Amino acid sequence: MNRWRLLGGVAVVVALLSAMLAAPTTTLGADLALNPEYAEPPIPSIWSRADGPAARTGHDQSWLWGPHIRSITREPYGGAPDGSRQVFYFDKARLEITNPNGDRNSLWYVTPGLLVGELITGRIQVGDGSFVQTDPADIPVTGDIENNPLSPTYATLAPLASVGDDAERARRPPQLGQPVTALLRADGTVEQDGVADSAVRNAGYDQALGHNIPDVFVRWIQDQPYAWEYVVGHPLTEAYWVDTMVNGAQRRVLVQAFERRILTYDPANPPGWQTESGNAGLHYRVWRGLEMPDDPQLISLAAGVPLGELIVGTALDHGIDPFFFAALAKVASNFQPLSQMENGGTGFFGVRPEVVASAGGRNALDPEINADLAASVIAPLAARFSDMRHVLAVYYTGSDHPDWSDPALHAFVSNVLDTQAWMLAEFNRPANLLHEPPPPPEPAPEPPLRHIGTGPAAYYAPGYTVAWWEWTLQRHASWGNAVPGWAPDPNGYYCVHPDFRPGQRLRLTANGVTLWCTIGDSVAAWDQPAWRARWAVELSYNTFQALHLGRNNRVEVYAP
């Protein structure tokens, strides 16, 4: 984890070079940065085998997955046992667990997603052989996401890529040993000898789809700890030089699209960072409008139901209760984008035909469009009618005067409201306090204490908010790594100690202040020797400040 720690009053910053060279300049909303080492197995081992050295020692190598998990959530997939699969979004790619009952000893138990083809074509896979069509991603393939008119977009690559029903049209003959000189412009024009002085040569050829692979990419792929099929998949295009903007400055880089990721080569980068995996994972999230909310209980909902980030975000944008909106998707389609309802409603939210007809040519089966259409109906109905039963009835029938004698209508309305109540309980949100946080619990009598240690405290960076700590604690609990009866800290004070599990409590005393904190994270095994040699405890930034440790960094630590 990229943390700022305080040592003798001096902040030690572990700088991550790839964040400066490759991260998009756009703000990605409330996306969280989660430590991959604490994710559900076998994600930690898959990540650590490739990116562990860079994360732990600053080793001069580019990232395969990325330094953090951006989101852990679920996506619809008809071939999965429960109709959805768990996904882990990294900067560079997405890892997926489609069959949790599969062979956990197989590398392919966790699969890297085929995101690049979806970005290029707009054809989103939602099951074995099932797809939803939407617009391709109008996002620069490399460089800055915003203010970058020079770079081709994923959509630009479509005529050059082996995708869709006519993949053979993009096949090219072998050109082994030939220099890579083609320059791809932003408008899709290719100048075959646009970079005549190129020192890069083709060194590989993929027979499956018919594309050459440059030597700089061949070497990078061979240096990875996994087989090429797992790391990149088949190349979808030839390699092209492109002009792009990186942190506001113009650069010329080599780009090639593969099934599972984008590879780039920038000769101006430092050694070890010239060849990199592009930010296909982040680009996919921007394209699909995926963003984690700030509220901890909404984070739970967004992570716990298929396309929860989309559901919560759309609901909040339209002033709709997210739990109500999630329940509507569950009842209307069981979170399946290609569903049809008995009343003629289609898609993720069972949008009625007359509303679909108003979509202006957009594909209403696209979950993002379907959600927007549903919300555009629900929000004004909720403003007109205070009774949500009536809102649902009008949504289902399309009439302000629904026929309540229809048993199908009764079943639909009851199922949505019952499902909403279940979700409120499942994700720990009190049904009678939909817009207010619950009051803090009454303080318990203080138990007998034992002294754990006295010494300096480390702290997490200020960017790790209370919402992040609550999310991390909940994730530990979902993996069975928290103590029974755990609860979020009533005061938002969090701490870390290698001898205590998430959910346990410690009492801290420093500079005349005494407070209780809740263990909210773990110390990785590799970090424990150095941790124990330096620190008595590790704290969230607000806890560090509450104890005034910036003035005198010495704290007494006690446990029940």
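Two exercises on this predicted model follow, one on a sheet and one on a pair of helices.

**Exercise 1. The sheet**

Task: Find the strand order of the open sheet of seven strands, and explain why strand 17 and strand 18 each have one side without a neighbour in the sheet.

Solution:
- Step 1. Strands of a sheet pair through backbone hydrogen bonds, either parallel or antiparallel.
- Step 2. The order here is 17-23-20-21-19-22-18, and the pairing is mixed.
- Step 3. Strand 17 (450–455) and strand 18 (457–459) stand at the edges; each has a single partner strand, so one side of each lacks a neighbour in the sheet.
- Step 4. On average, neighbouring strands of this sheet are turned by 35 degrees against each other, direction ignored.
- Step 5. Now take one pair. Strand 20 (residues 505–510) and strand 23 (residues 555–559) run antiparallel and are joined by three bridges. Leu508 has Val557 of strand 23 as its bridge partner.
- Step 6. Add a helix. Helix 15 (residues 466–478) packs on the sheet and touches strand 19 (494–496), strand 21 (513–519) and strand 22 (537–539). The direction of helix 15 makes about 55 degrees with that of strand 19.

**Exercise 2. The helix pair**

Task: Describe how helix 13 and helix 14 cross, and what kinds of residues make their contact.

Solution:
- Step 1. The axes of helix 13 (residues 388–397) and helix 14 (residues 407–426) come within 10 Å and cross at roughly 130 degrees.
- Step 2. The two helices are therefore oblique to each other.
- Step 3. The crossing of helix 13 and helix 14 is right-handed.
- Step 4. Contact residues include Leu392 and Tyr396 of helix 13, and Phe412 and Val416 of helix 14.
- Step 5. Sort the contact residues: ten are nonpolar, three polar and one charged.

How values were computed:
Residues numbered from 1 in each chain as written. Predicted model: local features only at pLDDT ≥ 70, side-chain atom pairs only at ≥ 80, totals over all residues. Heavy atoms only, no water. Pairing = 2+ DSSP bridges. Helix = DSSP H or I, 4+ residues; strand = E, 2+ residues; numbered from the N terminus. Axes fitted to C-alpha atoms, helices over the stretch in contact; angles between N-to-C directions. Contact = heavy atoms within 4.5 Å. Parallel < 35°, antiparallel > 145°, perpendicular 65-115°, else oblique. Left-handed = near helix turned anticlockwise from the far one by under 90°. Nonpolar A, V, L, I, M, F, W, Y, C, P; charged D, E, K, R; others polar.
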